[in-house]
Amino acid sequence: MDRRIFLGSALAGAVGATLSACGGGSEADPTLELASSSRRTTTTTTTTTTAASAKSRVIVIGGGMGGATVAKYLRLWGDAISVTLVERMPTYTSNIMSSLVLTGQRTLASLSLGYEALQRRHGVRVIIDDVVEIDPVAVTVKLASGTRLEADRIVMAPGIEFDAVPGLTDPDRMPHAWKAGPQTTLLARQLAAMPAGGVLAMTIPKAPYRCPPGPYERACLLADWLKANKPRAKLILLDANPDIVTEKENFAKAFGGLYRDVIEYRAGVAITSVDAAQMTLNTSGGALRADVVNLIPVQRAGALVTAAGLATATGGRFAPVDVLSYASTAAPKVHVIGDSAATTQPKAGHIANQEAKVCADAILRILAGGQPDPAPVTNSACYSTITRTQAGWLNGVLQYDPATKAMAPVPASMAASTGWSEKNFKQMGKWYEALMADTFA
Ligand SMILES: Cc1cc2nc3c(=O)[nH]c(=O)nc-3n(C[C@H](O)[C@H](O)[C@H](O)COP(=O)(O)OP(=O)(O)OC[C@H]3O[C@@H](n4cnc5c(N)ncnc54)[C@H](O)[C@@H]3O)c2cc1C
């Protein structure tokens, strides 16, 4: 199959859907674009040879949104390529939708995804282990179990790490719940135990951080939940950024309208330290005591990316890459995708999935002696919950700009919902299912 044609037709679908949203008032449905990608690639599976007859080897580190997608698509599109995915957890827990666990609308178990389909259907070799070291020049990977793996290429997709917060010796006192898992359950319990009339403080770190609209949509969801469950409670939202980072119109409207008696939004307030015993945040705008604190710290690339010396962009936080192939600018045989990479694209699961496909395509072309597609395209779709039953959306296509060597938004494709609706909330569920099927099934 011609992967470039595939990417091109996906773009046409995405642009078409977006333009119809702008022009005709019907809403963009990113589910369609993802579904078309699954259909196209299903036919390719039958021509894929098994790992036993492999010529080239790729190791993927991290089986989240980026890593699972790149492993799957390397096998779907590859001809006799061996793909080994190393992931430390036996199952992946989706961050996407995990704020709904805080309001009791979803369980963590419902967000759990396994690696069986990658192994059985796509022939990916999955190793559950911790990668403790990579050698970017020898292209080798060392696992906690002591095993050493060799490859022709490494793809790193280890997500993010958090900066330490001075004074926060026990992170569970002020959970981030920004990696779905035990902290999500813990924060849900702390919220349930919060007294009526209590204070919930939430912090938003300086950008770039994982999921730009995520903290604002969580604040909206929790404000809606507080209104129903904790009379007279307040949510103080401390944003280290000078203003709402994204989807400002909808969030500002919700903060100042629906939630004017619940949310107090303070921009330009950074956390300097905490007194965890006293449940106090020391900030650039003074001290604040709260009953429950959801502290989302400043973020950087996965530890392994930093340890390998690849996180040299954004003040040493994220890994610069060539977005034609996602090859590290410091180590050409190591590719970095997803939240660990420094690109102009948002740190989001949908984008990690898109970057993974561009990366898989580029690796296969390079291993076959060719060059990456010189004009890659990605798209970003994002639903934001504004209440527990309503959502808004933001959608757009990004295209490689040879002048800046970066992915740039296609202006005509950028669209956002005016306001929020129950219909959008339902579509969000469909989008989620399609994205997860495209990534893990
Ligand atoms: C509350 C919340 C809501 C969100 N909502 C959305 C949304 O609506 N839409 C959207 O598009 N995005 C959303 N996101 C963002 C999305 O979850 C991330 O952008 C996405 O998961 C990034 O993918 P990734 O592959 O880079 O990292 P991850 O998905 O985090 O995967 C990283 C994987 O690497 C593994 N790993 C790390 N280090 C090692 C190692 N040394 N050895 C082995 N394995 C390792 C980890 O265990 C993990 O499984 C949300 C995030 C949050 C927190």
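1. A good place to start is strand S11 (residues 199-204), which pairs with strand S12 (residues 234-239) in the parallel sense over 6 bridges. Strands here are DSSP runs of E with at least two residues, helices are runs of H or I with at least four, and both are numbered from the N terminus. Two strands count as paired if DSSP finds at least two bridges between them. Val-199 has Lys-234 of S12 as its bridge partner. From S11 the chain passes through helix H7 (residues 214-229) to S12, giving a right-handed β-α-β crossover. Right-handed means that, with the strands pointing away from the viewer, the path from the first strand over the helix to the second runs clockwise.

2. Before going further, a word on the model: this is a prediction, with local features needing pLDDT of at least 70 and side-chain atom pairs counting only at pLDDT 80 or more, while totals for chains, interfaces and linings use all residues. Residue numbers start from 1 along each chain as its sequence is written.

3. Moving on from S12, you will find strand S13 (residues 263-267) running parallel to S12 and joined to it by 5 bridges. Ile-236 stands opposite Glu-264 of S13. Here too the connection is a right-handed β-α-β unit, made by S12, helix H8 (residues 248-256) and S13.

4. On the other side of the story, S11 also pairs with S17 in the parallel sense, over 4 bridges, and Leu-200 has Val-292 of S17 as its bridge partner. The result is an open sheet of 4 strands with parallel pairing, in the order S13-S12-S11-S17. S13 and strand S17 (292-295) are at the edges with a single partner strand each, so one side of each has no neighbour in the sheet. Neighbouring strands are turned by 15° against each other on average, direction ignored; the axes are lines fitted to C-alpha atoms, for helices over the stretch in contact, and angles run from 0 to 180 degrees between N-to-C directions.

5. Do have a look at the antiparallel sheet as well: 3 strands form an open sheet in the order S14-S15-S16. Its edges are strand S14 (271-275) and strand S16 (286-289), each with a single partner strand, so one side of each is left without a neighbour in the sheet. The average turn between neighbouring strands is 20°, direction ignored. S14 pairs with strand S15 (residues 280-283) over 4 bridges, with Ile-271 partnered by Thr-283.

6. Strand S1 (residues 56-61) runs parallel to S2, and 6 bridges join the two; Ser-56 has Ile-81 of S2 as its bridge partner. S1, H3 and S2 make a right-handed β-α-β unit. S1 also pairs with strand S9 (residues 153-156) in the parallel sense over 4 bridges, where Ile-59 stands opposite Ile-154.

7. Now for the ligand. Of the 36 residues around the ligand, Gly-62, Gly-64, Gly-66, Gly-159 and Gly-338 come nearest, a residue being near if its C-beta atom, placed from the backbone, lies within 6 Å. Helix H3 (65-77), strand S2 (81-87) and H10 are the elements that give two or more residues to this shell.

8. Finally, the axes of helix H10 (residues 349-367) and helix H11 (residues 422-440) come within 11 Å and cross at roughly 35°. Gly-349, His-350 and Asn-353 of H10 meet Leu-435, Asp-438 and Thr-439 of H11, where contact requires C-beta atoms, placed from the backbone, within 7 Å.

How values were computed
Contact = placed C-beta atoms within 7 Å.
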